[in-house]
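Trainee: I have just opened this one and could use a guided tour. Could you take me through it step by step?

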Amino acid sequence: MTRMTRRTTLAAAAAMALLPRLAQGQTGAADEVVPLWPGSPPGASGKAIQRKVTEQSRDPKRPDRWVTGIDRPVLVVKRPARPNGSAMLVVPGGGYGFLSYDNEGTSQAAWLNARGVTAFILLYRLPGEGWSRREDVPLQDAQRAMRLIRAGAARYGIDPGRVGVLGFSAGGHLAGSLATRHSEDVYRPIDEADRLSAAPQVAGLVYPVVSLVAAFAHAGSRDNLLGPGSTPAMQKIRSVEARVDAATCPTCLIHAADDGLVPPANSLALFQALQEARRPAALHVFENGGHGFGVRLPAAMQAAAWPALFATFAGAHEVAFA
């Protein structure tokens, strides 16, 4: 057994031992759960972090769980009955203070699976829960997640060149950060997976937080990510619209004009930056829908059309939907 093989085997054994604790609360016994890190994640301070799942819904048929206390970030794999070889990293929102696991995680995986797309729900660490370099923690997890998906492509039955990212609200900020900062060194490589690209093939950003420095910035997400009292320089470097370049993937932006929490100016600013960089982009601003609509809007609401629009956009950029 070579040194690399031994190290990989030990890491896998350690990960398997963690699964019962990782899977408690928001996942079920049958869920396929993949730990991101073979041991403590980067920036661990030794502070005890307790998983907490809070049910927001009163309808048992429509769960709406919010998750906090994520000490061991994971991917929850949702496989379609008829996989078409494409995959999507699904990034729930929650203002970097919690994760909206069902509305922006499991519900998204269900419609993706119905169209043949393998979904990987990212349960990423929350910056304010005791990590050093808190501002880098979510992006560390997102980069690592994309690399692990590609490293396991054969096992998941997917094409490593057809992996996109789909993010919501603050998860849209994280997905946008992955699209624009995928090659930035935010953690020390630990294994062969970290040699792979973290760049998504396509990005879907739904009512995303984009700017942390503009007047329309969502202050809660900004402060949860950077901490209170952050400087304009810190805010600008982590504003997605300021990081667009020639390597930014094709991006589809979805927003509602009546979003009273994260103004559509966020999507408009990013669309303009993508246009200026001559990157493929689509922008859909619906008359109504508010914020946090996920895929649960009545068909009569205009924003309910967004999944079909995103599927068409992604298909045009090599991430196929059945």
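Mentor: What follows goes through the sheet, one strand in its middle, a smaller set of strands, a few single residues and the cysteines. Please keep in mind throughout that this is a predicted model.

Trainee: Okay, the sheet then. What is the order of its strands?

Mentor: The sheet is an open one of eight strands, and the order across it is β1-β4-β7-β5-β8-β9-β10-β11, with mixed pairing. From one strand to the next, the twist averages 20 degrees.

Trainee: Which strands stand at the edges?

Mentor: Those are β1, residues 32–35, and β11. Each of them has a single partner strand, so one side of each is left without a neighbour in the sheet.

Trainee: Let's look at β10. Which strands does it pair with, and in what sense?

Mentor: On one hand, β10 pairs with strand β9, residues 203–206, in the parallel sense over four bridges. On the other hand, β10 pairs with strand β11, residues 281–286, and here too the sense is parallel, over six bridges.

Trainee: Can you give me residues to click on? Which residue is the bridge partner of V206, for instance?

Mentor: The partner of V206 is I254 in β10, and L205 has L253 of β10 as its bridge partner. Towards β11, T251 is matched with A281. To get from β10 to β11 the chain passes through helix α8, residues 265–276, and this β-α-β crossover is right-handed.

Trainee: And where does α8 pack?

Mentor: Helix α8 packs on the sheet, where it touches β9, β10 and β11, and its direction makes about 155 degrees with that of β10.

Trainee: What about α3, which strands does that one lie across?

Mentor: Helix α3, residues 137–151, lies across β1, β4 (74–78), β5 (87–91), β7 (118–123) and β8 (163–168), and it runs at about 145 degrees to β8.

Trainee: Back to β10 for a second. How many of its residues are buried?

Mentor: Six of the six residues in β10, which spans 251–256, are buried, so the strand is mostly covered. T251, L253 and H255 point one way from the strand, while C252, I254 and A256 point the other way, and all of them are buried.

Trainee: Now β3. Which of its residues are buried and which are not?

Mentor: In β3, residues 65–68, the side chains alternate: R65 and V67 point to one face and are buried, whereas W66 and T68 point to the other face and are not.

Trainee: Which strands pair with β3?

Mentor: Strand β2, residues 52–55, runs antiparallel to β3 and is joined to it by four bridges, with T54 having W66 as its bridge partner. Strand β6, residues 99–100, also pairs with β3 in the antiparallel sense, over two bridges, and there W66 stands opposite S100.

Trainee: Switching topic: where is R125, and is it buried or exposed?

Mentor: You will find R125 in the loop between β7 and α3. Its relative accessibility is 0%, so R125 counts as buried.

Trainee: What does the side chain of R125 reach?

Mentor: A polar atom of the R125 side chain lies 2.7 Å from the backbone oxygen of P42, and a polar contact of 2.9 Å joins the side chains of R125 and D141. Leaving aside neighbours within four places in sequence, the residues in contact with R125 include W37, I70, W131 and Q140.

Trainee: And A311, where is that found?

Mentor: A311 is found in helix α9, residues 306–316, and A311 is buried, with a relative accessible area of 14%. A311 and L112 are 199 residues apart in sequence, yet the C-alpha to C-alpha separation is 9.1 Å.

Trainee: Last one: how many disulfides are there?

Mentor: The count comes to zero disulfides. C249 is in none, and the nearest cysteine sulfur, that of C252, is 11 Å away. A pair of sulfur atoms has to lie within 2.5 Å to be counted, so a distance of 11 Å rules this pair out.

Trainee: Are those two cysteines buried or exposed?

Mentor: C249 has 6% relative accessibility and so counts as buried, and C252, at 0% relative accessibility, counts as buried as well.

Definitions and conventions: Residues are numbered from 1 along each chain as its sequence is written. This is a predicted model: local features need pLDDT of at least 70, side-chain atom pairs count only at pLDDT 80 or more; totals for chains, interfaces and linings use all residues. Side-chain values use heavy atoms; hydrogens and water are left out. Buried means under 20% relative accessible area, exposed over 50%, partly exposed in between (1.4 Å probe, protein chains only). Two strands pair if DSSP finds at least two bridges between them. A crossover is right-handed if, with the strands pointing away from the viewer, the path from the first strand over the helix to the second runs clockwise. Axes are lines fitted to C-alpha atoms, for helices over the stretch in contact, and angles run from 0 to 180 degrees between N-to-C directions. Contact means heavy atoms within 4.5 Å. A polar contact is a pair of N or O atoms within 3.5 Å; within protein, one must be able to donate a hydrogen and the other to accept it, and residues adjacent in sequence count only if both atoms are side-chain atoms.
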